[in-house]
Amino acid sequence: METTSEENREQSQEEKGTRINSCFECCIKCLGGVPYASLVATILCFSGVALFCGCGHVALTGTLTILENHFSKVTSDHAMLTDVIQLMQYVIYGIASFFFLYGIILLAEGFYTTSAVKELHSEFKTTICGRCISGMFVFLTYILGIAWLGVFGFSAVPVFLFYNMWSTCTAMRSPVANLTNVDTICVDIRQYGIIPWNAAPGKACGSTLGDICNTSEFYLSYHLYIIACAGAGATVIALLIYMMATTYNFAVLKFKSREDCCTKF
């Protein structure tokens with residue numbers, strides 16, 4: 001009886017060990033099918049687009065408030081600029097919605113192609129339709145990457161303009177400057193083409209310029225533009241990672257399809 005009980009214990013321990021090993025192998029197999037590059041790119045893309053869209057939307061509203069209160073007090077002078085800012089805000093809504101869906105689709109495509117490349121599951125086989133879809137995502141991601149490079153460069157323009165104003169205000173307040181007449185120091189927004197030359201007053205000088213730099217709208221808009229520019233840069237990096245991942249998977253899938261054709265004949 002004792003021998004039988006010991007054998008049963010040993011058998012149950014072996015069964016437990018087998019179950020643990022099978023569960024461990026299953027976990028390793030599932031982790032091997034995770035597209036880590038696409039996962040990192042998706043998180044980075046969502047973060048970058050969220051920063052760019054959210055901060056850019058609020059910064060545009062603050063910029064319009066600054067222009068209306070200090071640089072162009074006649075509504076008709078900056079009517080076109082108001083329409084452009086409102087249009088850009090609507091475009092921001094579309095960008096956020098599109099990239100939310102596109103990021104999820106690319107992540108799902110990454111799961112599919114990674115499993116097909118590593119042949120983790122027998123039901124994941126490469127087909128002509130699947131390769132065409134992967135190729136389409138490669139092409140579309142390249143186009144979006146080039147477009148976001150332009151967005152990144154464009155988002156740096158307001159940072160440059162606000163930095164010029166901030167550095168001018170800092171120079172006026174600096175004791176090292178030793179300025180006798182601060183009223184001669186001006187910032188003319190009209191020279192940047194933001195508002196027309198007939199806009200009044202169009203520029204801010206001396207203490208008026210210092211008051212603008214001390215407003216909460218200027219401080220908030222300046223820093224939000226910096227964050228939005230950083231978000232655009234993060235989105236560019238995410239799209240570059242997407243490019244490398246999708247291109248690699250597409251190339252491997254195409255190579256495997258040729259191997260399958262060779263083995264059939």
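1. Contact here means heavy atoms within 4.5 Å. With that in hand, a good place to start in this predicted model is isoleucine 189, which touches Leu67, Phe71, Met165, Ile194, Ile195 and Gly202, leaving aside residues up to four places away in sequence. Several of these names will come back below.

2. Now for the overall layout. The protein has six helices and two strands, and along the sequence they follow the pattern α-α-α-α-β-β-α-α. Of the contacts with a separation of 6 or more, 81% are between residues 24 or more positions apart.

3. How much of the protein is buried? Buried residues make up 37% of its 265 residues. On the outside, the protein exposes about 15,900 Å², and carbon and sulfur atoms supply 68% of that area.

4. Next, the interior. The largest nonpolar core has 46 residues. Ile189 is among those with the most contacts inside this core, together with Val49, Phe71, Phe99, Trp148, Met165 and Leu209. Two of the contacts of isoleucine 189, Phe71 and Met165, are also on that list.

5. Which helices each supply at least two residues of this core? They are α2 (36–71), α3 (79–118), α4 (128–173), α5 and α6 (216–264). The largest share, twelve residues, comes from α2.

6. Helix α5 deserves a look of its own. The helix spans residues 206–213, and its buried residues are Gly206, Leu209, Gly210, Ile212 and Cys213. Seen down the axis of α5, these buried residues fall within an arc of 155°, so they line one face of the helix. As background, an α-helix has 3.6 residues a turn, so residues three or four places apart point the same way.

7. Leucine 209 is found in this helix, α5. The residue counts as buried because its relative accessible area is 0%, where the cut-off for buried is under 20%. Leaving out residues up to four places away in sequence, leucine 209 touches Met165, Thr168, Cys169, Met172, Ile185, Val187 and Ala204. One of these partners, methionine 172, is 37 residues apart from leucine 209 along the chain, and their C-alpha atoms are separated by 9.5 Å.

8. If you enjoy polar residues in buried places, try glutamine 89. This residue lies in helix α3 and is buried, with a relative accessible area of 14%. Its contacts, again not counting residues up to four places away in sequence, are His57, Leu60 and Thr61.

9. How many salt bridges does a search of the whole structure find? The search finds one. Aspartate 188 pairs with arginine 190, and their closest N and O atoms are 3.0 Å apart. Are these two residues buried or exposed? Both aspartate 188 and arginine 190 are buried. In general, side chains of opposite charge can pair when their charged atoms come close.

10. Last, back to the surface. Phe100, Leu101, Ile104 and Ile105 form a nonpolar patch there, with about 380 Å² of accessible area together. Isoleucine 104 lies in helix α3, the helix that also holds glutamine 89. Why is isoleucine 104 counted as partly exposed? Its relative accessibility is 42%, and partly exposed covers values between the 20% limit for buried and the 50% limit for exposed.

Conventions:
Residues are numbered from 1 along each chain as its sequence is written. This is a predicted model: local features need pLDDT of at least 70, side-chain atom pairs count only at pLDDT 80 or more; totals for chains, interfaces and linings use all residues. Side-chain values use heavy atoms; hydrogens and water are left out. Buried means under 20% relative accessible area, exposed over 50%, partly exposed in between (1.4 Å probe, protein chains only). Helices (H or I, at least four residues) and strands (E, at least two) are DSSP runs, numbered from the N terminus. The arc is that of the directions from the helix axis to the C-beta atoms. A nonpolar core is a set of buried Ala, Val, Leu, Ile, Met, Phe, Trp, Tyr and Cys residues joined through side-chain atoms within 4.5 Å. Accessible areas come from the Shrake-Rupley method with a 1.4 Å probe; for residues, only the protein chains shown count as cover. Patches are made of residues with over 30% relative accessible area and no salt bridge: like charges are joined within 9 Å, nonpolar side chains (Val, Leu, Ile, Met, Phe, Trp, Tyr) within 5 Å. A salt bridge is a side-chain nitrogen of Lys or Arg within 4 Å of a carboxyl oxygen of Asp or Glu.
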